[in-house]
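Subject: Structure for your files

Hello,

Here is the structure we talked about passing on. My notes on two parts of it follow below.

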Amino acid sequence: MKKIFRTSVALLLAVTILASSFVCFAGGLNEDAVALHKGQYKNYVLLGDSVASGYRDVMSDNDDAYNKQYGETAYFRVPGSYADVLANAIIEDKSMTAFAGPGYRTIEIRYMLEDDFDEEDDYMFHPAQMNTVGEPGSEEYRTAYKKAVAEADLITLGVGGNDWGAYLGWVIADVFEAENVADKYTAELENFFKENGMDLSKIEDLVELAHTAGALPALVKTLPEALSYGLGTFYNNWDIMIQDIYNLNPDVTLMVLGMSDNSLKGHYFSYDGVPGEPVNGGEEPDETTAAVTKTIVDFIMSVGNKPMIEGAENFGYTYVDTAGTTYVDSHPDAAGHVFIANKIIEALPHPDYANKFDDVKIGTKYYNAVEYVVTNGIMAPTSSTTFSPEKILNKGELNKALNVINGTNNPTDDTEEVNVMAFAKAVINDGTEKDFAELINSLSFAFNMLSDYGFNFTAKVTRGEAANYFKALAK
């Protein structure tokens, strides 16, 4: 691999920088969940991007120590980050191994995990982001990275935002630099304002506008291709990256964190490093702006989290929904990190059901859905050690599940096998009175289910597939 950074800092492998002396920051955690999982894991490994690493965008002009702690976060354990909070709360000796860093995408993780990875990418370990470790993709780090993954019993993986979000920013910045746009115009504009005593506060906006306008032709040409590449590599790499992890460690408990509405939320509800104190000039959107913003954010997140959610069904890892996290601009504030840690702890596999069934083990298809429906009494196992995920669901099992979810009393003694259409109809006509919104939700759920089977109405539904749908319905 080519040398990426001209200046290298001393290499510190994560295993040598971990310490158990950090102050436990457990405020806001679900203490029952903490008690349930405390000591369940001994070897916790953190993988992911800047959100995972604990990086903060908002630095202090008067606090170099703060800036160093929260700016130089690649492969370091940052006190107060969600990984630190989680480790202090439930890991046997409070230790962890940190292999997250700013700028990480799925492609960098594949590079770290695969001995023969040879895909070319101009933004591999992008220096604008990962500037705190000398050579994060070096053979020394790759060896340590793979070793940590192979030996972990718990891994949290938070990655995706850079694949098509920050990546576009890097491309735009490079276009601006390459075009060298409007420099003469903006300099003359600034002098004109100064000489005529006009409002200097508008200069910065006008300068930015001039640069944007000057770069517009190149951006129009570049951005569609960049967006396609960013999304394409993200979707193409996701399953391969997950399989890489399981190839190294088939028995690991893998928790995958979904992306949430970070930068847009941070723009309107941002903090200056002190939880609860808004940034100067921050604004709360009006009702219309808030509604439009939410619609846009929900769409972006549905696109961004799609491979993560589908991967949970295909591979058996646990998908952790992080919606509701509070942010400092585009990274979580202190309370946000506690919130994420809590979400992870609450979503961990129940220790009494971990590998309970011989035919549905951790890290296999349906595991999370089966654990959920069994622990919540929605479905019953077929024996003390089997769930029979490939067995066809019968009408009695379908009615029993809907009874538990909806509080109804439909008959549960029917052994007729259930096909897709029968399942969809049962969801719509489940014995409950529905208002308009509930009816629309039921119809939408049924339609999506039918589309999953290519509208093959007679296709039979297995117990494993049903567990996924029941979990979604219950939640």
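Leu 157 has Val 256 as its bridge partner in S4. Please keep in mind that the model is predicted. The pair belongs to the parallel pairing of strand S3 (residues 154-158) with S4, which runs over four bridges.

S4 also pairs with strand S5 (residues 318-320); these two run parallel and are joined by three bridges. On that side, Met 255 of S4 has Thr 318 as its bridge partner in S5.

How many of the residues of S4 (residues 253-257) are buried? Five of its five are, and the strand is mostly covered. The side chains are split between two directions: Thr 253, Met 255 and Leu 257 point one way, while Leu 254 and Val 256 point the other way. Both sets are buried. Val 256, the partner of Leu 157, and Met 255, the partner of Thr 318, therefore count as buried because each is under 20% relative accessible area.

The second part is Thr 462, in the loop between helix H17 (436-452) and helix H18 (463-474). Is this loop residue buried or exposed? Thr 462 counts as buried because its relative accessibility is 9%, and the cut-off for buried is under 20%.

A polar atom of the Thr 462 side chain lies 3.3 Å from the backbone oxygen of Pro 389. Pro 389 is also among the residues in contact with Thr 462 once neighbours within four places in sequence are left aside; the others are Tyr 366, Glu 390, Lys 391, Ile 392 and Leu 393.

Regards

How values were computed: Residues are numbered from 1 along each chain as its sequence is written. This is a predicted model: local features need pLDDT of at least 70, side-chain atom pairs count only at pLDDT 80 or more; totals for chains, interfaces and linings use all residues. Side-chain values use heavy atoms; hydrogens and water are left out. Buried means under 20% relative accessible area, exposed over 50%, partly exposed in between (1.4 Å probe, protein chains only). Two strands pair if DSSP finds at least two bridges between them. A polar contact is a pair of N or O atoms within 3.5 Å; within protein, one must be able to donate a hydrogen and the other to accept it, and residues adjacent in sequence count only if both atoms are side-chain atoms. Contact means heavy atoms within 4.5 Å.
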